[in-house]
Amino acid sequence: TRLLEANEKFQSCQFRWFALEPVFEHDFMQVQLKRAAKLFQEVRSIWPRQLVPLVKKHKCASILDSEMATSLLKRAAELFETVTFLLDNFIQRTRIYFPRFFLLASSEVVDVLSQS
């Protein structure tokens, strides 16, 4: 069960990485969401630089079952959760000021804002 939980966390982190990385490539979003951008930088130091190569280099099952990978996954998941929460709050505040944004998906709101 520990391995299953680690695998689920790994997949969740991977999904969030693919969703959030494009958001924080925009300078505008980094300025508007300074705290979230700082936390995402910390995720960058964990996720693509440490954890993904570790899993690729060794057998996935043995690595995900290791204590180091488990602690990295836990930290990355916590950071992703906080960054997602901060981004969602920012988008909701933006929708209150610009009600037309309620018609757009969150990713579309981010795209519109980053192009302004």
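## His26 and the helix 1–helix 2 loop

His26 is partly exposed, with a relative accessibility of 27%. That value falls between the 20% cut-off for buried and the 50% cut-off for exposed, so His26 belongs to neither class. The model is a predicted one. His26 sits in the loop between helix 1 and helix 2.

Which residues does His26 contact, leaving aside neighbours within four places in sequence? They are Asp111 and Ser114. A C-alpha separation also ties this loop residue to a far part of the sequence. His26 and Leu113 are 87 residues apart along the chain, yet their C-alpha atoms are separated by 9.6 Å.

## Ser114, the partner in helix 6

Ser114 is part of helix 6. Is Ser114 buried or exposed? Its relative accessibility is 16%, so Ser114 counts as buried. The contact pair therefore joins a partly exposed residue, His26, to a buried one, Ser114.

Seen from Ser114, the contacts beyond four places in sequence are His26 and Phe28.

## Overall fold

The protein chain has six helices and zero strands. Read from the N terminus, its elements run α-α-α-α-α-α. The chain holds 116 residues, and 35% of them count as buried.

Long-range contacts are well represented. Take the contacts with a separation of 6 or more: residues 24 or more positions apart account for 61% of them.

## Aromatic pairs

How many aromatic pairs does the model contain? The count comes to three. One of them is Phe24 with Phe40, a stacked pair with 5.0 Å centre to centre and 20° between the planes. Stacking requires planes under 30 degrees apart, so the 20° angle of this pair qualifies. The pair links distant parts of the chain. Phe24 lies in the loop between helix 1 (2-20) and helix 2 (27-32), while Phe40 lies in helix 3 (residues 34-57), 16 residues apart. Both rings belong to buried residues: Phe24 has 1% relative accessibility, and Phe40 has a relative accessible area of 1%.

Phe98 and Phe101 form a tilted pair, because their ring centres are 5.7 Å apart and their planes stand at 55°. Phe98 is partly exposed at 48% relative accessibility. Phe101 is buried at 12%. Trp17 joins Phe24 and Phe40 in one aromatic cluster.

## Phe24 and the nonpolar core

Phe24 does more than pair with Phe40. Not counting residues up to four places away in sequence, Phe24 touches Gln30, Leu33, Ala36, Ala37, Phe40, Arg44 and Val83. Phe24 is also one of the residues with the most contacts inside the largest nonpolar core, along with Phe80 and Leu87.

That core has 30 residues. Helix 1, helix 3, helix 5 and helix 6 each supply at least two of them. Which helix gives the most to this core? Helix 5 does, with ten residues.

## Leu86 in helix 5

Leu86 is found in helix 5. Its relative accessibility is 18%, so Leu86 counts as buried. The cut-off is 20%, which means that Leu86 falls on the buried side of the line.

Leu86 touches Leu33, Arg35, Ala36 and Leu39, leaving out residues up to four places away in sequence. Two of these names, Leu33 and Ala36, also appear among the contacts of Phe24. The C-alpha atoms of Leu86 and Lys34 are separated by 10.0 Å, and the two residues are 52 apart along the chain.

## The largest pocket

The largest pocket has a volume of about 230 Å³. It is lined by 14 residues, and those closest to its centre are Ala19, Leu20, Val23, Leu87 and Ser107. Leu87 thus appears both here and among the core residues with the most contacts.

Which helices each supply at least two residues of the lining? They are helix 1, helix 5 (67-97) and helix 6 (106-115). By class, the lining has eight nonpolar, three polar and three charged residues.

Terms used:
Residues numbered from 1 in each chain as written. Predicted model: local features only at pLDDT ≥ 70, side-chain atom pairs only at ≥ 80, totals over all residues. Heavy atoms only, no water. Phe/Tyr/Trp six-rings, centres within 6.5 Å; stacked < 30°, edge-to-face > 60°. Helix = DSSP H or I, 4+ residues; strand = E, 2+ residues; numbered from the N terminus. Buried < 20%, exposed > 50% of the residue type's maximum accessible area, 1.4 Å probe, protein only. 1 Å grid on protein atoms, 1.4 Å probe; cavity = no way out; pocket = protein on both sides within 12 Å on 5 of 7 lines; lining within 4 Å. Points joined across faces, edges and corners; volume = space filled by probe spheres on them. Nonpolar A, V, L, I, M, F, W, Y, C, P; charged D, E, K, R; others polar. Core = buried A, V, L, I, M, F, W, Y, C linked by side-chain atoms within 4.5 Å. Contact = heavy atoms within 4.5 Å.
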